[in-house]
Amino acid sequence: MSDFPSFIAVETGEEDALPLAIAWALPDGQIKHTLIQPDDDWLGEELAALGDYSLDELRTFGVSPLDVLKELEGDHFSATLYTTGISDDEAALSRIFDTFGVDPFVELAPVTSLYPDLQLGEWERARNDLFGELGLEPLRADHEVQVMLYLHQRLIDSVS
């Protein structure tokens, strides 16, 4: 197998789909992951929306949202990206696009649409099992993408 599907996950804060981290898979299965520097307009009076991150951590180690868009565009312009739908990836991405007045150049689709032969709930059960097996954390963007890649490989290998 040479190409993996384009998986994406956005880690968000507790309110208003505040994008904190993003990860996506490249066709060769590599994962790009970064924290996102919050735009000043995104930050309200409550910084509790930053989840497990501090504002200093996001500003120091994060990448500007515009740079995130440029990198994503370079990797996946006009592509369909597959998401778990566990967090509101679409709302978080929309916030980034809207902040900079950029028209969305990717389309999101549920990851389960890649596996039409699976019974309802089968993919989610396998996903949950894999998180436990690998010792990864659900809702962390890089872990979500890693699990989608591993699960995709298992599903492809099982039908070969």
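Is Leu139 buried, exposed or partly exposed? Keep that question for the last stop; the tour starts with the whole chain. The model is a predicted one.

**Whole protein**

Show the protein as a cartoon and colour by secondary structure. Five helices and five strands should appear. Followed along the sequence, these elements come in the order β-β-β-α-α-β-α-β-α-α. The radius of gyration is 16 Å, close to the 15 Å that the globule rule gives for 160 residues, so the protein is as compact as a globular protein of that length. Turn the C-alpha trace onto its principal axes: the spans are about 50 × 30 × 25 Å.

Switch on the surface. The accessible area of the protein comes to about 8,600 Å², and carbon and sulfur atoms account for 46% of that area. Of the 160 residues, 43% are buried. If you draw the contacts between residues at least 6 apart in sequence, 65% of them join residues at least 24 apart.

Next, colour the charged side chains. There are 8 positive and 33 negative ones. The centres of the two sets lie 4 Å apart.

**Strands 1 to 3**

Select residues 8-12, which form strand 1. Four of the five residues in this strand are buried, which leaves strand 1 mostly covered. Add strand 2, residues 19-25. Strand 1 and strand 2 are antiparallel and pair over five bridges. To see one position in this pairing, pick Thr12, whose bridge partner in strand 2 is Pro19.

Now add strand 3, residues 31-35. Strand 2 and strand 3 also run antiparallel, joined by five bridges. Select Trp24 and look across to strand 3, where Lys32 stands opposite. Then move to the turn of this hairpin, which has five residues between the strands. Among the residues there, Gly29 takes a positive phi near 95°.

**Strand 4 and Tyr82**

Jump to residues 80-83, strand 4, and select Tyr82 within it. Tyr82 has a relative accessibility of 17%; because the limit for a buried residue is under 20%, Tyr82 counts as buried. Measure from its C-alpha to that of Phe7: the two atoms are 4.6 Å apart in space, although Tyr82 and Phe7 are 75 residues apart in sequence.

Which residues is Tyr82 in contact with, leaving aside its neighbours within four places in sequence? Display Pro5, Ser6, Phe7 and Ile8, which are among them. Ala109, Pro110, Val111, Ser113 and Leu114 are also in contact with Tyr82, as is Met148.

**Two loops**

Step back from strand 4 into the loop that connects helix 2 (65-76) to this strand, and select Ser78. The phi of Ser78 is near 60°, a positive value in a residue other than glycine. With the surface shown, Ser78 is exposed, at a relative accessible area of 58%.

The last stop is the loop between helix 4 (122-134) and helix 5 (141-159), where Leu139 is placed. Leu139, a residue other than glycine, has a positive phi too, near 75°. As for the opening question, Leu139 has a relative accessibility of 46% and counts as partly exposed. The reason lies in the cut-offs: buried means under 20% and exposed means over 50%, with partly exposed in between.

Terms used: Residues numbered from 1 in each chain as written. Predicted model: local features only at pLDDT ≥ 70, side-chain atom pairs only at ≥ 80, totals over all residues. Heavy atoms only, no water. Buried < 20%, exposed > 50% of the residue type's maximum accessible area, 1.4 Å probe, protein only. Contact = heavy atoms within 4.5 Å. Rg over C-alpha atoms; globule rule 2.2 N^0.38 Å. Areas by Shrake-Rupley, 256 points an atom, 1.4 Å probe, with all protein chains shown as cover. Lys, Arg positive; Asp, Glu negative; His and termini not counted. Charge placed at Lys NZ, Arg CZ, Asp CG, Glu CD. Pairing = 2+ DSSP bridges.
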